[in-house]
Amino acid sequence: MKAVIQRVKYAQVSVDGETVGKVGEGYMILVGVQAGDADADAEILARKTANLRVFTDENEKMNRSILDIDGEILAISQFTLCADVKKGNRPSFIGAAEPCEADRLYNLYCDELLKNGVRKVEKGVFGAHMEVELLNNGPVTILYDTEMWRGK
């Protein structure tokens with residue numbers, strides 16, 4: 001699984017002009033599920049996300065997690081993170097998980113964030129055309145790929 005984690009002041013996602021998810025200070029996360037990803041990927045990604053220390057402490061050092069600041073998360077499924085761009089100019093999405101499995105693991109990731117102590121997790125609409133608005137704070141953007149914890 002891949003996640004692009006952006007530290008935000010706020011974020012919201014809309015479908016057909018209607019807001020379906022909205023958060024204050026915390027993270028806006030784009031989540032890509034790859035073929036071969038499993039429950040363990042969602043679980044470790046959620047644990048690592050919840051404990052990521054990129055919020056500043058009293059000394060202006062990035063030393064606090066989303067749990068420490070009682071922050072919120074907007075998680076949006078995005079299969080385009082799984083694009084293969086090695087050949088040509090048009091991305092291939094063959095490495096993305098099948099939609100049913102991707103939706104299941106995306107939802108498991110969101111559930112695991114809550115189990116790891118995140119107070120609020122809002123979501124987009126899986127498979128929908130979404131419009132995302134956010135105010136990136138920093139900017140601070142971190143890329144996670146669960147392959148790094150599988151020893152690949």
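In this predicted model, Y106 is buried (under 20% relative accessible area, where exposed means over 50% and partly exposed lies in between, with a 1.4 Å probe and protein chains only), its relative accessible area being 2%. Local features need pLDDT of at least 70 and side-chain atom pairs count only at pLDDT 80 or more, whereas totals for chains, interfaces and linings use all residues. Residues are numbered from 1 along each chain as its sequence is written, and side-chain values use heavy atoms, with hydrogens and water left out.

**Aromatic pairs**

A pair of aromatic rings is described by the distance of the centres and the angle of the planes. Rings of Phe, Tyr and Trp (its six-membered ring) pair if their centres lie within 6.5 Å, and planes under 30 degrees apart count as stacked, over 60 as edge-to-face and the rest as tilted. Four aromatic pairs are found in a search of the whole structure. One of them joins Y106 to F126 in a tilted arrangement, with 6.4 Å from centre to centre and 35° between the planes. Helices (H or I, at least four residues) and strands (E, at least two) are DSSP runs, numbered from the N terminus. Since Y106 lies in helix 2 (residues 99-115) and F126 in the loop between strand 7 (120-123) and strand 8 (131-145), the pair ties together parts that are 20 residues apart in sequence. F126 counts as partly exposed, at 29% relative accessibility, whereas Y106 is buried.

The rings of Y144 and W149 have their centres 5.2 Å apart and their planes at 75°, so this pair is edge-to-face. Within the pair, Y144 is buried, at a relative accessible area of 10%, while W149, with 28% relative accessibility, counts as partly exposed.

**Backbone features**

A cis peptide bond, with omega at about -5°, joins G138 and P139, and P139 lies in strand 8. Positive phi values in residues other than glycine occur at E60 and at D70, and the table sets out these two residues.

| Residue | Phi | Location | Relative accessibility |
|---|---|---|---|
| E60 | near 65° | loop between strand 4 (53-56) and strand 5 (62-65) | 62%, exposed |
| D70 | near 55° | loop between strand 5 and strand 6 (72-77) | 43%, partly exposed |

E60, in the loop between strand 4 and strand 5, is therefore classed as exposed because its relative accessible area is 62%, whereas D70, in the loop between strand 5 and strand 6, counts as partly exposed at 43%.
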